[in-house]
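Here is a short briefing on the fold below. The points are grouped by topic.

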Amino acid sequence: MSSYDARPTIHIPGTTSHTIAPRPGRHNGEGTLRYLKAGTGAPLVLLHTVRTQAEHFRHLIPLISHQYTVYALDLPGMGYSEIVPGASYDEPAMREGVKRLLTELDLYDVTLAGESMGAVLALTTAADLPERVRRVVAVNTYDFRGGIARSSFLARVVVTGVLAPGVGPVIAGVEPKPVLRKVLQGGLGDKSALRADYVDELLQVGGRPGYPTVARAVYQALPSLIAARSQYPGVKAPVHLVYGEKDWSRPSDREANKRLLPAAEFTQVGNAGHFIALERPDVLADLLNAVA
């Protein structure tokens, strides 16, 4: 793993931290993956959003770990998973990281629960590994044009700058705390749900050598997340689509996914935004625990 010797500043009670080593030969530039584990019961894998990490689920994990063995993954290059120079952060490469977790730990009867980018990966992983996946809970799928740039003028300015040729890598490496806080608050109905210690943790991770390259690549990968919708009809497991009333997705985006997944259950969470795991973890816990 990186020689950058930072450790998480947030500890989720009942969790332990683990890693999965790259497979021999480093398939497609894969690196070490870090995940948190908690609880007992059938396996449930949590997949986080753009620009976050396993600690995104700090409030949800304690509410479900009495029903499930929870695995909260740091997606490739994010959180404390290894940053591999030249690695891809397109959806298929990220999906491969999720599949590694399931196959290397030999998990079956898995519930995949993801938010934002993690929701897309939960659906595509379920399509690829139907024999291992029991159920999918997809929260605010991040599979539409614009993405976070829809949240506010500031977010549009930041994302446009990060993606710009030439200056983009420089802008990606400069992340003032007030700007990060304001951009993330654009994904919340209840702005107070973004805790100061969580912003500090995200900034620490953003200081890892090579992280600005990862952050820029993830924003550049949005077209691959949109393209991944073509995989949704291949999901055999039951699906529950969850959207915040104030999510960045439009009604047309939500209806399009309903058409691709006509058997899916559908829940809209009142007054919630894009980061439901931060502001309404109780709602997600109730959905998950009801069918444990």
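In this predicted model, strands β5 and β6 run parallel and are joined by 6 bridges. One residue pair in that ladder is G114 with A138, the latter in β6. Strand β6 is largely enclosed by the rest of the structure, because 6 of its 7 residues are buried.

**The sheet**
- The open sheet has 8 strands, with mixed pairing.
- Their order is β1-β2-β4-β3-β5-β6-β7-β8.
- The edges are β1 (16–20) and β8 (265–269). Each has a single partner strand, so one side of each is left without a neighbour in the sheet.
- On average, neighbouring strands of this sheet are turned by 20° against each other, direction ignored.
- Strand β7 (residues 239–244) runs parallel to β8, and 5 bridges join the two.
- Within that pairing, H240 has E265 of β8 as its bridge partner.

**Helices on the sheet**
- Helix α3 (residues 117–128) lies across four strands: β3 (42–47), β5 (110–115), β6 (133–139) and β7.
- Against β5, helix α3 runs at about 150°.
- Helix α12 (residues 281–289) also packs on the sheet. The strands that α12 touches are β3, β4, β5, β6, β7 and β8.
- The direction of α12 makes about 160° with that of β6.

**Helix against helix**
- Helix α4 (residues 153–163) packs with helix α8 (residues 211–220). Their axes are 9 Å apart, at an angle of about 105°.
- An angle of 65 to 115 degrees counts as roughly perpendicular, so α4 is roughly perpendicular to α8.
- From α4, the contact uses V159, V162 and L163. From α8, it uses R216, Y219 and Q220.
- By class, this contact of α4 with α8 has 4 nonpolar, 1 polar and 1 charged residues.

**Nonpolar cores**
- In soluble globular proteins, nonpolar side chains tend to be buried together.
- Here the largest nonpolar core has 70 residues. V45, L102, M117 and V136 have the most contacts inside this core.
- Helix α3 gives the largest share of this core, with 8 residues.
- Another core, of 26 residues, lies apart from it. Among its members are I61, A113, V137 and L287.
- What does M117 touch, not counting residues up to four places away in sequence? The list is H48, T49, V50, L75, M78, M94, Y142, V218 and L225.

**Two buried residues**
- Y71 lies in strand β4 (residues 68–73).
- Is Y71 buried or exposed? Y71 is buried, because its relative accessible area is 7% and the cut-off for buried is under 20%.
- Leaving aside neighbours within four places in sequence, Y71 is in contact with Y35, L36, K37, P43, L44, V45, L46, L101, L105 and L107.
- Y71 and I61 are 10 residues apart along the chain, and their C-alpha atoms are separated by 9.2 Å.
- S224 is found in helix α9 (residues 222–227).
- S224 is buried as well, with a relative accessible area of 15%.
- Not counting residues up to four places away in sequence, S224 touches D90 and E91.

Methods: Residues numbered from 1 in each chain as written. Predicted model: local features only at pLDDT ≥ 70, side-chain atom pairs only at ≥ 80, totals over all residues. Heavy atoms only, no water. Buried < 20%, exposed > 50% of the residue type's maximum accessible area, 1.4 Å probe, protein only. Contact = heavy atoms within 4.5 Å. Pairing = 2+ DSSP bridges. Axes fitted to C-alpha atoms, helices over the stretch in contact; angles between N-to-C directions. Core = buried A, V, L, I, M, F, W, Y, C linked by side-chain atoms within 4.5 Å. Parallel < 35°, antiparallel > 145°, perpendicular 65-115°, else oblique. Nonpolar A, V, L, I, M, F, W, Y, C, P; charged D, E, K, R; others polar.
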